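I open this notebook to record what I looked up in a structure that is new to me. The entries follow the order in which I consulted it.

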Amino acid sequence: MKTLNKMNIALSVLALLFISSTASFAQQFKLNNQSSTLVVKGTSSLHDWEETAETQKGSLDIATTDGLTINSLKIEIEAESLKSGKSAMDKNTYKALNTGKYKYITFELLNTKSVQDLGNGKYKVAAEGNLTISGATNKVTLDFELTLKGNQATLKGSKDLKMTDFKVEPPTAMFGAVTTGDALTIEFNTIMIN
């Protein structure tokens, strides 16, 4: 009986050691809205413009057991939190994005195409995922640098897109006198905390 109890205790200790060692390599992060930035840049027949997302949320789940594995990544931007500093331009943006019906712009990871270890907790990542804008979803590759430091993960990168690829008609102003270019660049510096 004593031998059986000792064996059970030994197995329990081993199980706890295994669980704690594997748990230390898995990390889950939540997007810190206050520290994160996402800027949409574009052109028009009048001047270049940009809009900044004021409200975004998201999560990241990684494992660093053998290199870096990204298990999940999801980012959600509130469409009407995109602000240019000009209310007329913001209204045109929300109309083009049909924000009355489609409240969020989202990116959700499907798979990781490549991860390159740059050293010092930095990785170059090519992530394939579904990007949904104004109800239209396209599979895109998002290239970014991922930095792990303490309890923080930082994702930094940019992505060129076309509005029409997501069935968004480039906005116009002043009865069509000012037209917006189809091409956009999204620049992000996303801070995740665990």
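The entries below go from the whole chain to single residues and charged pairs.

**Entry 1. The chain as a whole.** I note at the outset that the model is predicted. I looked up the secondary structure of the protein chain and found two helices and 12 strands. Reading from the N terminus, I wrote down the order of elements as α-β-β-β-β-β-β-α-β-β-β-β-β-β. The protein chain has 194 residues, of which 39% count as buried. For its accessible surface I recorded about 11,700 Å², with 54% belonging to carbon and sulfur atoms. I also looked up the contacts with a separation of 6 or more, and residues 24 or more positions apart account for 58% of them.

**Entry 2. The nonpolar core.** Which residues touch the most other members of the largest nonpolar core? I found that this core has 41 residues, and that Leu60, Ile70, Leu73, Phe144, Leu146 and Met192 hold that place. Strand 9, which covers residues 136–149, gives the most to this core, namely six residues. I then listed the contacts of Leu60, leaving out residues up to four places away in sequence; among them are Ile70, Leu73, Leu146 and Met192. The list for Leu60 also includes Gln27, Gln28, Phe29 and Ser72.

**Entry 3. Gly121.** I located Gly121 in the loop between strand 7 (104–119) and strand 8 (122–133). Is Gly121 buried or partly exposed? Its relative accessibility is 23%, so I entered Gly121 as partly exposed. Beyond residues up to four places away in sequence, Gly121 touches Leu146, Thr147 and Leu148. I also looked up Gly121 and Lys149, which lie 28 residues apart along the chain; their C-alpha atoms are separated by 6.7 Å.

**Entry 4. Asp90.** I found Asp90 in helix 2, residues 87–97. Asp90 is buried and has no salt bridge. The nearest side chain of opposite charge is that of Lys83, 4.9 Å away, whereas a salt bridge requires the nitrogen and oxygen to be within 4 Å. What I did find is a polar contact of 2.7 Å between the side chains of Asp90 and Ser84. Setting aside neighbours within four places in sequence, I listed Glu51, Leu82, Lys83, Ser84 and Gly85 as the contacts of Asp90.

**Entry 5. Salt bridges.** How many salt bridges does a search of the whole structure find? The search gives four, and I looked up three pairs in detail.

- Glu187 forms a salt bridge with Lys41, with the closest N and O atoms 3.3 Å apart. This pair links distant parts of the chain, since Glu187 is in strand 12 (residues 178–193) and Lys41 in strand 2 (residues 37–44), 146 residues apart. I recorded Glu187 as partly exposed at 33% and Lys41 as partly exposed at 31%.
- Lys57 and Glu76 meet in a salt bridge of 3.5 Å, N to O. Lys57 is in strand 4 (residues 56–63) and Glu76 in strand 5 (residues 69–78), 19 residues apart. With a relative accessible area of 15%, Glu76 is buried.
- Lys122 and Glu145 meet in a salt bridge of 4.0 Å, N to O. Lys122 is in strand 8 and Glu145 in strand 9, 23 residues apart. I entered Lys122 as partly exposed at 35% and Glu145 as partly exposed at 32%.

Methods: Residues numbered from 1 in each chain as written. Predicted model: local features only at pLDDT ≥ 70, side-chain atom pairs only at ≥ 80, totals over all residues. Heavy atoms only, no water. Core = buried A, V, L, I, M, F, W, Y, C linked by side-chain atoms within 4.5 Å. Buried < 20%, exposed > 50% of the residue type's maximum accessible area, 1.4 Å probe, protein only. Helix = DSSP H or I, 4+ residues; strand = E, 2+ residues; numbered from the N terminus. Contact = heavy atoms within 4.5 Å. Lys, Arg positive; Asp, Glu negative; His and termini not counted. Polar contact = N/O pair within 3.5 Å; in protein donor to acceptor, adjacent residues only side chain to side chain. Areas by Shrake-Rupley, 256 points an atom, 1.4 Å probe, with all protein chains shown as cover.
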